[in-house]
Amino acid sequence: MFSKYKIEAENKVNEFIKEYSQKFDLILGIEVIEHVKSPWQYIENIYKLCNPETVVIVSTPNVARWWGRFWFLIKGELWGFSENGWKDPGHINPVLDFEIRNILRESKFKIIDFFNGGNQPIIWVYNWKRFLISIIFLPLYPFMQGIKKGWVNCYVFKKDEIDR
């Protein structure tokens with residue numbers, strides 16, 4: 001079953017949760033969490049929909065990838081989260097890796113897998129500017145900490161067994 005609701009329409013969301021609480025085996029939140037006003041509320045709502053065996057997959061842009069770091073250095077804004085990104089496609093809330101991990105843990109979820117989606121090459125031959133930037137940025141790449149690969153971070157999780 002696929003459902004589309006305006007996530008800020010609290011009454012509709014609450015009706016949906018009441019009707020479908022604990023009835024899903026799989027919940028996909030692909031590129032959604034960065035569009036909502038409260039990532040915490042979004043995850044808490046997912047929790048209410050989960051039965052003890054439900055698997056949840058949530059993905060969000062990897063704003064810490066190497067290109068995003070360069071973009072922030074030059075522009076002073078996160079890639080995809082500018083004034084234009086706010087309007088279309090509606091990226092209003094960048095969610096960093098440490099943040100989503102903490103939200104999940106404090107919301108009584110356990111991460112069972114993590115992977116990057118999409119591959120942004122270290123030498124990016126998209127156009128001459130990005131090619132040149134990636135060549136200039138290349139010596140810094142080995143010194144970068146954290147998740148520097150992939151366009152998106154994908155989290156696979158379920159309710160923590162301790163809290164069942």
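Visitor: Is the crossing of H2 and H5 left-handed or right-handed, and what makes it so?
Guide: The crossing of H2 and H5 is right-handed. That name is used because the near helix is turned clockwise from the far one by less than a right angle. Keep in mind that we're looking at a predicted model.

Visitor: Why are H2 and H5 called parallel, perpendicular or oblique to each other?
Guide: Start with the angle: the two axes cross at roughly 45° and come within 10 Å. Under 35 degrees would count as roughly parallel, and 65 to 115 as roughly perpendicular. The angle of H2 and H5 fits neither, so the pair is oblique.

Visitor: Which residues make that contact?
Guide: On the H2 side you'll find Pro39, Trp40 and Ile43, and on the H5 side Asn102, Ile103, Leu104 and Glu106. They divide into five nonpolar, one polar and one charged. Glu106 is the charged one because Glu is on the charged list.

Visitor: What makes a group of residues here a nonpolar core?
Guide: The members must be buried, nonpolar residues joined through side-chain atoms within 4.5 Å. The largest such core has 22 residues, and Ile43, Ile46, Val56, Phe109 and Phe157 touch the most other members. Helix H1, strand S1, helix H2, strand S2, helix H5 and strand S4 each give two or more residues to this core. H2 gives the largest share, five residues. In general, nonpolar side chains tend to be buried together in soluble globular proteins.

Visitor: Where does another core lie, and which residues are in it?
Guide: Another core lies apart from the largest one and has eight residues, among them Trp67, Trp124, Phe137 and Met144.

Visitor: What does Phe109 touch, leaving aside its neighbours within four places in sequence?
Guide: Its contacts include Ile43, Ile46, Val56, Leu104 and Phe157. Lys158, Lys159 and Asp160 are also among them.

Visitor: Which residues of H3 are called buried, and why?
Guide: They are Trp66, Trp67, Gly68 and Phe70. The word applies because each has under 20% relative accessible area. Helix H6 is part of what covers these residues. Right after H3 comes Gly76, with a positive phi near 75°.

Visitor: How many helices and strands does the whole chain have, and how much of the chain is buried?
Guide: There are six helices and four strands. From the N terminus on, the order is α-β-α-β-α-α-α-β-α-β. Of the 164 residues, 38% are buried.

How values were computed: Residues are numbered from 1 along each chain as its sequence is written. This is a predicted model: local features need pLDDT of at least 70, side-chain atom pairs count only at pLDDT 80 or more; totals for chains, interfaces and linings use all residues. Side-chain values use heavy atoms; hydrogens and water are left out. Buried means under 20% relative accessible area, exposed over 50%, partly exposed in between (1.4 Å probe, protein chains only). Contact means heavy atoms within 4.5 Å. Axes are lines fitted to C-alpha atoms, for helices over the stretch in contact, and angles run from 0 to 180 degrees between N-to-C directions. Angles under 35 degrees count as roughly parallel, over 145 as roughly antiparallel, 65 to 115 as roughly perpendicular and the rest as oblique.
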